[in-house]
Amino acid sequence: MKTPKHWRTNNLTSFLLSPIGLIYGGITSLRMRINKGFKASVPVICVGNLTAGGVGKTPICIALAELLKKQGKNPFFISRGYGGKLSGVLVNLKSHSPQEVGDEPLMLARVAPTVVCSDRGKAAQIALKNGADILIMDDGFQNPTLYKDISFLVFNGELGIGNGKIIPAGPMREGLKSGLKRADGVIFIGQDKFNLLKQIDKPVFHVDIKEQQPEHQNMKVIAFAGIGYPQKFYHSLQKCGLTVANSYDFPDHHFYTKDELKALIKKGKKKNLPIYTTLKDFVKIPTDMQKNFNVLNIKAEFEHISKISEFFKDRHVF
């Protein structure tokens with residue numbers, strides 16, 4: 001789905017939907033209290049958020065896995081595999097398609113073994129059988145099926161939390177205070193444009209999202225994305241010196257048809273402009289069509305890697 005406009009500010013629509021949001025938030029809190037979940041024999045690190053849509057969790061999961069691997073650990077990712085048909089499988093990059101396991105697991109599996117399952121407790125058991133000595137949950141902060149040893153909440157300072165109301169009145173999966181109460185730390189991306197840090201009383205670890213220099217320089221490009229906040233991607237292209245001549249938004253986790261991709265290719269050829277998309281979208285493009293598209297690769301970097309390392313050492317992660 002695309003982000004509803006009424007999520008951005010307090011307005012009549014959000015006001016009328018607020019009672020439903022309170023019910024949604026109450027159900028979430030009840031689920032977390034009742035179900036304690038499977039307790040794994042290895043540490044479980046959850047990287048979640050309080051809002052619907054993307055804030056940058058997957059690049060952070062990758063950065064944490066790379067840190068843990070440098071410490072001699074064998075991390076496994078566990079993911080719901082949103083949009084995929086399969087569940088309870090270890091992702092195989094050579095044989096699994098995004099329609100089977102989802103888009104984000106294909107990105108994660110490039111870095112470390114990844115298990116896809118809607119039941120995170122079952123996913124943990126599969127990972128343990130395959131040699132995991134630490135688990136990283138990409139999302140799942142509101143999922144009670146697996147006990148979490150360390151929970152991080154990710155906030156994007158440039159996006160904020162919209163109007164602060166709970167779905168469907170706003171973008172929140174649960175209230176800010178209740179979410180922070182269960183979190184062990186906060187990972188904060190970018191500048192704090194909405195003064196969120198004043199409301200956070202947990203350890204904060206600042207992260208920058210670094211764009212790798214694209215192949216084309218100082219050019220006009222066509223861009224498209226099927227992510228929670230596509231404007232983030234277009235802004236990243238502009239930061240790299242590219243001018244977005246035309247942009248096309250698709251729903252988050254969208255699976256592209258060949259007709260849609262052919263239409264984009266046609267637009268690029270007609271204007272003689274390169275076409276850029278995200279890695280999350282690129283992995284869903286058929287191999288024989290990928291040559292027509294360019295990827296803007298990004299990487300999450302902790303401002304103070306020693307700070308997050310000490311945090312893990314204090315909690316006996318390594």
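Two strands count as paired if DSSP finds at least two bridges between them. With that rule in hand, let's walk through this predicted model, starting with strand 8 and its partners.

Strand 8 covers residues 204–211, and five bridges join it to strand 13, residues 298–302. The two run antiparallel. Within this pairing, Asp208 of strand 8 stands opposite Glu301 in strand 13. Strand 8 has another partner in strand 7, residues 185–189, but here the strands run parallel and four bridges hold the pairing. If you'd like a landmark in that second pairing, look for Ile187, which stands opposite Phe205 in strand 8. As you follow any of these strands, it helps to keep in mind that in a regular strand the side chains alternate between the two faces of the sheet.

Now move along strand 8 to Glu211. Which side chains does the side chain of Glu211 meet in polar contacts? One is that of Ser236, at 3.2 Å, and another is that of Lys239, at 3.5 Å. Setting aside neighbours within four places in sequence, Glu211 is in contact with Ser236, Lys239, Cys240, Leu296, Asn297 and Ile298. The last of these, Ile298, brings us back to strand 13. Is Ile298 buried, exposed or partly exposed? With a relative accessible area of 40%, Ile298 is partly exposed, because that value falls between the 20% limit for buried and the 50% limit for exposed. Not counting residues up to four places away in sequence, Ile298 touches Pro59, Ile209, Lys210 and Glu211. The C-alpha atom of Ile298 is also separated by 8.8 Å from that of Thr278, and these two residues are 20 places apart along the chain.

Next, turn to helix 5, residues 120–129, where Arg120, Gly121, Ala123, Ala124 and Ala127 are buried. Why do these residues lie on the same side of helix 5? They cover an arc of only 155 degrees around the axis, and that places them on the same side of the helix. The cover over these buried residues includes strand 2 (75–79), strand 4 (114–116) and strand 5 (134–138). Both ends of helix 5 deserve a look. At the N-terminal end, Asp119 acts as a cap, with a side-chain oxygen 2.9 Å from the backbone nitrogen of Gly121. Following the helix comes Gly131, whose phi is positive, near 100 degrees.

The aromatic rings offer another way through the fold. A pair of aromatic rings is described by the distance of the centres and the angle of the planes. The count of aromatic pairs, for centres within 6.5 Å, comes to 11. One of them is Phe152 with Phe311, a tilted pair with 5.5 Å between centres and 40 degrees between planes. Phe152 lies in strand 6 (residues 150–156) and Phe311 in helix 10 (residues 305–314), so this pair ties together parts that are 159 residues apart in sequence. Both partners are buried: Phe152 has a relative accessible area of 0%, and Phe311 has 5%.

Phe224 and Phe293 form an edge-to-face pair, with 5.6 Å from centre to centre and 75 degrees between the planes. Phe224 belongs to strand 9 (residues 220–225), while Phe293 lies in the loop between helix 9 (279–282) and strand 12 (294–295), so the pair ties together parts 69 residues apart in sequence. Here too the rings belong to buried residues, with relative accessible areas of 0% for Phe224 and 6% for Phe293.

Ring pairs also link Phe152, Phe205, Phe311, Phe312 and Phe318 into a cluster. Phe205 is the residue that Ile187 stands opposite in the strand 7 and strand 8 pairing. Phe311 has a charged companion as well: the charged end of Arg315 sits over its ring, 3.7 Å from the centre.

Our last stop is Lys284, in the loop between helix 9 and strand 12. Is this lysine buried or exposed? Lys284 counts as buried, because its relative accessibility is 4%. The charged end of Lys284 sits over the ring of Phe255, 5.7 Å from its centre. A polar atom of the Lys284 side chain lies 2.8 Å from the backbone oxygen of His254. Beyond its neighbours within four places in sequence, Lys284 is in contact with Pro98, Asp103, Gly226, His253, His254, Phe255 and Tyr256.

Technical notes: Residues numbered from 1 in each chain as written. Predicted model: local features only at pLDDT ≥ 70, side-chain atom pairs only at ≥ 80, totals over all residues. Heavy atoms only, no water. Buried < 20%, exposed > 50% of the residue type's maximum accessible area, 1.4 Å probe, protein only. Contact = heavy atoms within 4.5 Å. Arc of directions from axis to C-beta. Polar contact = N/O pair within 3.5 Å; in protein donor to acceptor, adjacent residues only side chain to side chain. Phe/Tyr/Trp six-rings, centres within 6.5 Å; stacked < 30°, edge-to-face > 60°. Lys NZ or Arg CZ within 6 Å of the ring centre and 35° of its normal.
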